[in-house]
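Thanks for coming. I'll put the structure up and then go through it piece by piece.

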Amino acid sequence: MVTVFLTCYNHEKYIEQAVESCLHQNTRFEYEVIVEDDASSDRSQEILSGLASRYPERLKVVLNQENRKNVNAYHAISKSRGKYIACLDGDDFWCDDDRLQRDVDFLEEHPEYYAVCNGICVVDEEGSPIPQEEIAEQNIRFWEFSEDVFYREDFEQWKMPGQIGAMTFRNFFLEKEHDYSICYKAHSIVGDRTDVLISVLHNPIAVRKKIVSCYRFVRNSSAGNFMSMYRERGLIAEDYRMMCKFEQFAKEEFDTPIRLEQVKKDRYIAAVCTWMKHPSRETAKQVREIRKWSRQPIRYTCYWWKIVWTKTIQWKIRHTDARVDL
C-alpha cells in the first residue's frame, strides 16, 4: 500500500533511528521501506547492511558507489511499488507510529486531494526540540503553511505545504502518462519542491497540523544535510534554474502554466545584493548564471542597474534596506 523512501548520505549518527522510526509504524496494510545511500564515506552503508539483514522482508537497501544525489534517488524511488509514497531524510525521524495509517485512511476517503502534509518538530543534532525563538532567528521556517489546503497558486508564491518528511502522496511513478525525470533534472540536490509541484499539478494537497516527524537542523557547516550544503555552495542560481525547469515541465507535460516570474526576480535581486556585499568570482557567477537562464539578457541587465542604484542609495545614503520591486 505504501512505499517509504529514505535518502542517506553520511548519516551514520542518525540513520538507524530514521529507519527504525519507519519500520515501527502501526498499519493494517503492508508497506515497504527503501533506503537509498548516496555513496556515503562514513559507516552509513555498514549500518544499513546490518539493518537489512535484521529486516529482510520489510527493508530494501540500495548502496550506491557513486554520489549522484537526485539521479540515484530517482532511479531508486521510481521502482517503488506502493500506491502511496512517504519520504524521509536519513538525519530526520518520525515521532508518530500511526501517521502512515492515518494518512492512507485520509487519502482513500478523499480522492480530491493528491497528497496530505502534516506538522513537524524542529530538533537539534541530539534530537532535542529547538526553541521557537531560535527557529525564527535561524530563518528555518520555510515549510510553515497556515491554511488547510495547498493549491497551485500557493506554489507559485514559492510556499510549501510543509516539510517532505511529514508528507504522503500518491505514487505518480505508477503512471505512464508523464515523464517524471524532472525529479533529478530540475535540481542537483533539491527534490521536495518537485514532489510538491507534481502533486499540485494533479490536485490540491491537504494540510494538517498534527506533528508526525522531526526535522533535524544541523548547525555544523560540514554536515551533509540540505541546509548546510545550501549555505556552503550558494545555490541562488540553481534555484532560479529550477524554477525555469518547473515552468517548462508544467507547460510541456500538463499543459498548465506555472507562473514563477516574481519569485525568479526575487532570486535575482538576492544574487545581485549578495554580489554587492561580497564581491567575488563566485557571487558574480551567480548573477551571470541567472541572467543566462532568464533568456532575457537585456531586461535583466536593466534590472541589474536598478538593483545596484536602489541598493546603493538605501545603504549609503538612507541607511535602510527596503525591498526592491522589479
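Strand β1, residues 2-8, pairs with β4 in the parallel sense, over 6 bridges. Leu6 is the residue standing opposite Leu88 of β4. Before I go on, note that this is a predicted model.

β4 covers residues 84-89, and 5 of its 6 residues are buried, which makes it a mostly covered strand. It also pairs with β8, residues 167-170, where the two strands run antiparallel and are joined by 3 bridges. There, Tyr84 has Arg170 in β8 as its bridge partner.

Now helix α1, residues 15-23. Of its 9 residues, 7 are buried, so the helix is largely enclosed by the rest of the structure. The buried ones are Ile15, Ala18, Val19, Glu20, Ser21, Cys22 and Leu23. Note that Glu20 and Ser21 are on that list. What do the buried residues of α1 pack against? Several strands, namely β1, β2 at 31-37, β3 at 59-63, β4 and β5 at 93-94, and one helix, α2 at 44-54.

Next, the nonpolar cores. The largest has 44 residues, and within it Phe155 and Phe246 touch the most other members. Which elements supply at least two residues each? They are α3, β4, β6, β8, α7, α8 at 192-202, β9 at 205-216, and α10. The largest share is that of α10, with 6 residues. As for Phe155, leaving aside residues up to four places away in sequence, it touches Phe150, Arg193, Val196, Leu197, Val200, Phe246, Ile258 and Leu260. So Phe246 is among the contacts of Phe155. There is also a second, separate core of 29 residues, including Val4, Cys8, Leu59 and Phe106.

Phe106 comes up again when we look at charges over rings. Arg208 lies over the face of Phe106, 4.7 Å from the ring centre. A similar arrangement is found at Tyr31, where Arg58 lies over the ring face at 4.5 Å from the centre.

On to aromatic pairs. Searching the whole structure gives 18 of them. One is Tyr74 with Tyr184, a tilted pair with 5.0 Å between centres and 55° between planes. Tyr74 belongs to helix α3, residues 70-77, and Tyr184 to helix α7, residues 182-185, so this pair ties together parts that are 110 residues apart in sequence. Are these two rings' residues buried or exposed? Tyr74 has a relative accessible area of 16%, so it is buried. Tyr184 has 26%, and is therefore partly exposed.

A second pair is Tyr240 with Tyr300. The ring centres are 6.0 Å apart and the planes are at 85°, so this one is edge-to-face. It too links distant parts of the chain, with Tyr240 in helix α10 and Tyr300 in helix α13, 60 residues apart. Tyr240 is at 0% relative accessibility and therefore counts as buried. Tyr300 is likewise at 0%, so it counts as buried.

Ring pairs also build a cluster. Its members are Tyr74, Phe169, Phe172, Phe173, Tyr180, Tyr184, Phe249 and Phe254. The Tyr74 and Tyr184 pair that I described is therefore part of this cluster.

That leaves α13, residues 297-318. Why should we expect a span of 32 Å for this helix? Because it has 22 residues, at 1.5 Å a residue; its end C-alpha atoms are 30 Å apart, which agrees. Its buried residues are Tyr300, Tyr303, Trp304, Ile307, Val308, Lys311, Ile313 and Gln314. As a reminder on spacing, an α-helix has 3.6 residues a turn, so residues three or four places apart point the same way. The cover over the buried residues of α13 includes α10 at 236-254, α11 at 261-277 and α12 at 281-294. Just after the helix, His319 takes a positive phi of about 55°.

Last, a loop residue. Gly127 sits in the loop between β6, at 115-123, and α5, at 132-138. Its relative accessible area is 24%, so Gly127 is partly exposed. How far is Gly127 from Asp37? The two are 90 residues apart in sequence, and 22 Å apart in space, C-alpha to C-alpha.

That is the tour. I'll take questions now.

Technical notes. Residues are numbered from 1 along each chain as its sequence is written. This is a predicted model: local features need pLDDT of at least 70, side-chain atom pairs count only at pLDDT 80 or more; totals for chains, interfaces and linings use all residues. Side-chain values use heavy atoms; hydrogens and water are left out. Helices (H or I, at least four residues) and strands (E, at least two) are DSSP runs, numbered from the N terminus. The expected span of a helix is 1.5 Å times one less than its number of residues. Buried means under 20% relative accessible area, exposed over 50%, partly exposed in between (1.4 Å probe, protein chains only). Contact means heavy atoms within 4.5 Å. Rings of Phe, Tyr and Trp (its six-membered ring) pair if their centres lie within 6.5 Å; planes under 30 degrees apart count as stacked, over 60 as edge-to-face and the rest as tilted. A charge sits over a ring if NZ of Lys or CZ of Arg is within 6 Å of the ring centre and within 35 degrees of the ring normal. Two strands pair if DSSP finds at least two bridges between them. A nonpolar core is a set of buried Ala, Val, Leu, Ile, Met, Phe, Trp, Tyr and Cys residues joined through side-chain atoms within 4.5 Å.
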